[in-house]
Amino acid sequence: MSKAAELAALIGSQTAQTGTNLWINGACNVSQRSTSVTGLGDGNEGYVTVDRMRESGSTASAGRYTSKQTAITDLPGFANCFHVNCTTADTSIAAGELLFFGTRLEGQNLQQLAKGTSSAKPITISWYMKTNKAFTFVLEVKDVDNTRDIQQKFTTTTDWTRHSLTFVADTTGALDDDNARSLDIHIWVHAGSTYSGGTFTSNTWSSVTNANRAVGIGSFYDSTDNDLKMTGFQVEIGEVATPFEHEDIGTTLRKCQRYFQNNGGLRMIKGGYVASGGNNFLTTKFTTAMRAAPTVTYVSVSGSGFSNADPATQAIGTESFEAYKEATSTVAGGYFLFTYTVDAEL
Amino acid sequence: MNITSAQYYNDISDSQAGIKANIDGTEMSIPLDPANRHYAEILRQVAAGELTIADAD
């Protein structure tokens, strides 16, 4: 191949590498729900602050923490991070306690992994992390479709450090080509013996054995001094962690809105004359099509000629839902306003 | 996910449209889509005998 052809091929391969980060909102720039939530750790965490970051705790733990999207100025190229700090320590760890942070990926976005075939590819996960002291934690990749997992340990520092871990290919267990959850990525930061009492095996796929999932890790809950910051999450097919792929905010927001949308503007079912007993309808289109028919939550409602109860909801689909409301009185200048969220998270 | 109540609700034509549930202290309207995580959790809790879905009014 001539030098010109080699260069053309290289340029072509570089172009093909854009858009390969499978972790949505890796730079933690989008936080549609809230930028700070306190008192977490009681088992009802879920999706709390930074979009696509799922927080998983156990009801057994007495430990509590605050989750935040925090602005940062000490890591060039990044403006925000996912930030948790321990507010109630828990040094008496019951067997069933756990705490991990991570994301969940759709099977149809992972078919290029060729998992479960002889052509299966490795996966490399990289991210930046800074902690108040050195911790040893576990990064786990869990194949939900086939109940298999793989782990590696890493050690944090008090400075921003880019961690990069490559997980070997798995020729067992294909991932479903659908819109359901197929791969979970977990950063384990606290675990009781149910999840840590077994044997640690690094970088080896196997059927899930809970006792082997977080062996030998430190505990985020061992002091209220504990403070973890993370950003720049990147999940790539292959054995190399390429530089973090920065993305424009519009693209990231649109990707996040496949899973969650927070309608910050008011929607009006009816403005003007309303007749008592009459039903008034509004079909609300989503900003972007959602992964599945979402859960609808009304955040605020107000009106004239209508009660202040939530509107009725019907025809919830991936692209819209319909809200309707019966007027309770006849008013010339009647109206009903509402704001809402829709949730189609994995 | 702490689900304290769940009740089917009907649409304007009186066909079953979804479930109204209180989850983690918030009232939600949940479609009958198995890919919806809240509906999936409701089904799991019903199967485990932890939750009953009330009939529509």
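This report walks through the strands, cysteines and pockets of a two-chain predicted model.

Some ground rules come before the details. Residues count from 1 along each chain as its sequence is written, while chains are lettered from A and ligands numbered from 1 in the order in which they are written. Since this is a prediction, local features need pLDDT of at least 70 and side-chain atom pairs count only at pLDDT 80 or more, though totals for chains, interfaces and linings use all residues, and side-chain values use heavy atoms, with hydrogens and water left out.

On confidence, the model comes with ipTM 0.98 and pTM 0.93. Chain B has an average pLDDT (the predictor's confidence in each residue, from 0 to 100) of 96, and 100% of its residues score at least 70.

**The sheet in chain A**

Strands here are DSSP runs of E, at least two residues long, and helices are runs of H or I, at least four, both numbered from the N terminus. Two strands pair if DSSP finds at least two bridges between them. Chain A has an open sheet of 7 strands with antiparallel pairing, in the order S2-S3-S6-S11-S8-S9-S12. Strand S2 (46-47) and strand S12 (206-207) of chain A sit at the edges with a single partner strand each, so one side of each has no neighbour in the sheet. Further in, S8 (residues 136-143) and S11 (residues 181-191) of chain A run antiparallel and share 6 bridges. Look for Val141(A), which faces Ile185(A) in S11(A).

**Two hairpins in chain B**

In chain B, S1(B) and S2(B) are antiparallel and joined by 7 bridges, with Ile3(B) partnered by Ile23(B) in S2(B). The two strands make a hairpin with 5 residues between them, and Asp14(B) in the turn has a positive phi of about 70 degrees. S2(B) also pairs antiparallel with S3 (residues 26-30) of chain B, over 5 bridges; here Ala21(B) has Met28(B) as its bridge partner. That second hairpin has 2 residues between its strands, with Asp24(B) in the turn at a positive phi of about 50 degrees. Strand S2 (residues 16-23) of chain B is largely enclosed by the rest of the structure, because 6 of its 8 residues are buried (under 20% relative accessible area, against over 50% for exposed and partly exposed in between, with a 1.4 Å probe and protein chains only).

**Cysteines without partners**

Taking a disulfide as a pair of cysteine sulfur atoms within 2.5 Å, the search over all chains turns up 0. The sulfur of Cys81(A) has its closest cysteine sulfur in Cys28(A), 6.8 Å away, which is too far for a bond. Cys86(A) is in no disulfide either, its nearest cysteine sulfur being that of Cys81(A), at 17 Å. Cys81(A) is buried, at 0% relative accessible area, and Cys86(A) is buried at 2%.

**Two pockets**

A pocket is an open set of points on a 1 Å grid over the protein atoms alone, where a 1.4 Å probe fits, with protein on both sides within 12 Å along at least five of seven lines; lining residues have an atom within 4 Å of a point.

| Pocket | Volume |
|---|---|
| Largest pocket | about 1400 Å³ |
| Second largest pocket | about 250 Å³ |

The largest pocket has 48 lining residues, with Gly46(A), Arg54(A), Met1(B), Asp24(B) and Arg37(B) nearest its centre. Helix H1 (residues 37-47) of chain B gives the largest share of that lining, 6 residues. For the second largest pocket, S1(B) contributes the most, again 6 residues.

Technical notes. Points joined across faces, edges and corners; volume = space filled by probe spheres on them.
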